[in-house]
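User: Please go through the structure below with me. I would like short questions with reasoned answers.

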Amino acid sequence: MGKEKGKRVLLTGSLGQIGSELAFALAERYGADNVITSDVREDSHGILDGAGMFVELDVLSAGDFDSIVRDYRINTIYHLAALLSAVAEEKPQMAWEINMKGLVNALEVAKENGCSLFVPSSIGAFGPDTPLDNTPQDTIMRPHSMYGVTKVSGELLCDYYQMRFGVDTRGVRFPGIISNKTLPGGGTTDYAVEIYYHAILYGSYTCCLKAGTSLDMMYMPDAIKAAIDVMEADPANLKHRNAFNVTAMHFDPEEIAAEIKKHIPEFNIDYEIDPLRQAIAESWPNYMDDSAAREEWGWLPEYDLARMTGEMLGELGERYGRGELEIEG
Ligand code: AKB
């Protein structure tokens with residue numbers, strides 16, 4: 001990717017699964033001098049070293065949020081700080097506080113400082129009344145989880161700030177994101193990351209979701225591409241602005257296990273169902289229709305299950321000393 005001029009970016013939640021990789025992509029694209037990474041936690045392990053300057057920021061502090069945007073002359077905010085679905089279900093009040101108050105602060109700061117704002121929504125915004133096969137872009141959204149409630153509310157709020165105040169808000173509904181740098185924490189789709197680590201380290205995996213539970217998924221490079229491309233899209237082409245359905249693949253635990261077995265024939269999956277995560281997963285789409293994103297800003301994923309599995313096992317195999325695995329690229 002070449003350097004694009006003119007953007008001064010603040011990333012919240014930078015130490016999370018997506019933030020820790022998006023930070024480097026933003027630094028590569030806009031120049032590390034133009035990227036400020038932030039998190040409520042200190043970057044004590046230097047995870048973000050090289051991806052711009054790091055500042056500690058609790059997004060619940062509206063004053064600190066605003067000062068950082070002013071002091072560093074930020075014009076684009078990627079607001080990733082949020083709790084994921086399973087942990088939100090265990091701590092619903094905290095989820096409302098962080099996901100909604102943090103978002104309101106981001107929207108206000110963007111409004112006051114003329115910033116563009118990226119806010120990720122999720123497949124979690126849908127619920128059991130949604131058509132679960134080929135889920136349309138615009139459809140019934142009555143989620144049963146607190147995470148979903150915050151995601152739908154967030155989508156509406158982003159639309160409102162755009163229509164009412166002209167804030168350039170944009171976003172996508174991310175599916176489960178699979179990566180090998182930072183582990184996700186507290187999500188329903190986390191199993192699809194853990195399974196690769198367990199395959200390499202132990203040769204087996206006990207899955208918390210039932211066989212047959214199909215969910216949309218995406219490999220991290222595609223997720224990063226989506227986040228950058230939607231923010232760079234020509235606004236004249238956008239009929240939707242926030243919450244574009246985006247997906248790259250969908251599978252159930254049996255299908256990902258079968259793909260892993262192609263590389264590690266002795267790999268074995270068994271099941272110990274977590275009722276909380278299972279109930280959430282069953283209320284989410286089996287697979288989404290992402291044609292609006294394809295038509296309005298050219299969304300096109302590059303990774304399918306086979307290619308992603310080759311890369312995940314190759315990378316983790318190198319890291320954990322299973323370099324002898326026959327990995328196809
Ligand atoms: C979760 O499982 O909570 C997230 C998501 C799909 O939003 N990965």
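The turns below cover domains, cores, helix packing and single residues of this predicted model.

User: How far apart are the centres of domain 1 and domain 2?

Analyst: The protein is divided into domain 1 (9-175 + 220-245) and domain 2 (177-217 + 248-286 + 302-321). Their contact takes 31 residues from domain 1 and 28 residues from domain 2. Taken over C-alpha atoms, the separation of the two centres is 25 Å.

User: Which residues of the largest nonpolar core touch the most other members?

Analyst: The largest nonpolar core has 82 residues. At least three residues of this core come from each of domain 1 and domain 2. Apart from it lies another core of 23 residues, including Ile-77, Ala-81, Leu-103 and Leu-117. In the largest core, the members touching the most others are Phe-174, Tyr-196 and Trp-297.

User: What is Phe-174 in contact with, beyond its neighbours within four places in sequence?

Analyst: Phe-174 belongs to the largest nonpolar core. Its contacts include Ile-18, Phe-118, Pro-120, Ser-121, Ser-122 and Ile-123. The list is completed by Met-218, Ala-223, Ala-226, Ala-227 and Val-246.

User: Is the arrangement of α8 and α11 oblique or roughly parallel?

Analyst: Helix α8 (residues 253-261) and helix α11 (residues 305-319) have axes that come within 10 Å and cross at roughly 60 degrees. Angles under 35 degrees would count as roughly parallel, and 65 to 115 as roughly perpendicular. The crossing angle therefore makes α8, relative to α11, oblique.

User: Which residues make the contact between α8 and α11?

Analyst: The crossing of α8 past α11 is right-handed. From α11 the contact uses Leu-305, Ala-306, Thr-309 and Leu-313. From α8 the residues are Glu-255, Ile-256, Glu-259 and Ile-260.

User: At roughly what angle do the axes of α2 and α4 cross?

Analyst: Helix α2 (residues 62-71) passes helix α4 (residues 92-113) in a right-handed crossing. On the α2 side the contact is made by Ala-62, Phe-65, Asp-66, Val-69 and Arg-70. On the α4 side it is made by Gly-102, Asn-105, Ala-106, Val-109, Glu-112 and Asn-113. The axes come within 10 Å, and the angle is roughly 35 degrees.

User: Is His-79 buried or exposed?

Analyst: His-79 lies in strand β4. Not counting residues up to four places away in sequence, His-79 touches Thr-12, Val-59, Phe-65, Gly-102, Leu-103, Ala-106, Leu-117, Phe-118, Val-119 and Pro-120. The relative accessible area of His-79 is 4%, and the cut-off for buried is under 20%. His-79 is therefore buried.

User: What distance separates the C-alpha atoms of His-79 and His-198?

Analyst: Along the chain, His-79 and His-198 are 119 residues apart. In space, their C-alpha atoms are separated by 31 Å.

User: Is Arg-73 buried or exposed?

Analyst: Arg-73 lies in the loop between α2 and β4 (76-79). Its phi is near 50 degrees, a positive value in a residue other than glycine. With a relative accessible area of 59%, against a cut-off of over 50%, Arg-73 is exposed.

User: Where does Asn-134 lie?

Analyst: Asn-134 is not a glycine, although its phi is positive, at about 50 degrees. Its relative accessible area of 40% makes it partly exposed. Asn-134 is located in strand β7 (residues 133-135).

User: How far apart in space are Tyr-160 and Asp-234, C-alpha to C-alpha?

Analyst: Tyr-160 is found in helix α5 (residues 146-165) and counts as partly exposed at 40% relative accessibility. Tyr-160 and Asp-234 are 74 residues apart in sequence. Their distance in space is 20 Å.

Terms used. Residues numbered from 1 in each chain as written. Predicted model: local features only at pLDDT ≥ 70, side-chain atom pairs only at ≥ 80, totals over all residues. Heavy atoms only, no water. Core = buried A, V, L, I, M, F, W, Y, C linked by side-chain atoms within 4.5 Å. Buried < 20%, exposed > 50% of the residue type's maximum accessible area, 1.4 Å probe, protein only. Domains from an automatic or database assignment. Contact = heavy atoms within 4.5 Å. Axes fitted to C-alpha atoms, helices over the stretch in contact; angles between N-to-C directions. Helix = DSSP H or I, 4+ residues; strand = E, 2+ residues; numbered from the N terminus. Parallel < 35°, antiparallel > 145°, perpendicular 65-115°, else oblique. Left-handed = near helix turned anticlockwise from the far one by under 90°.
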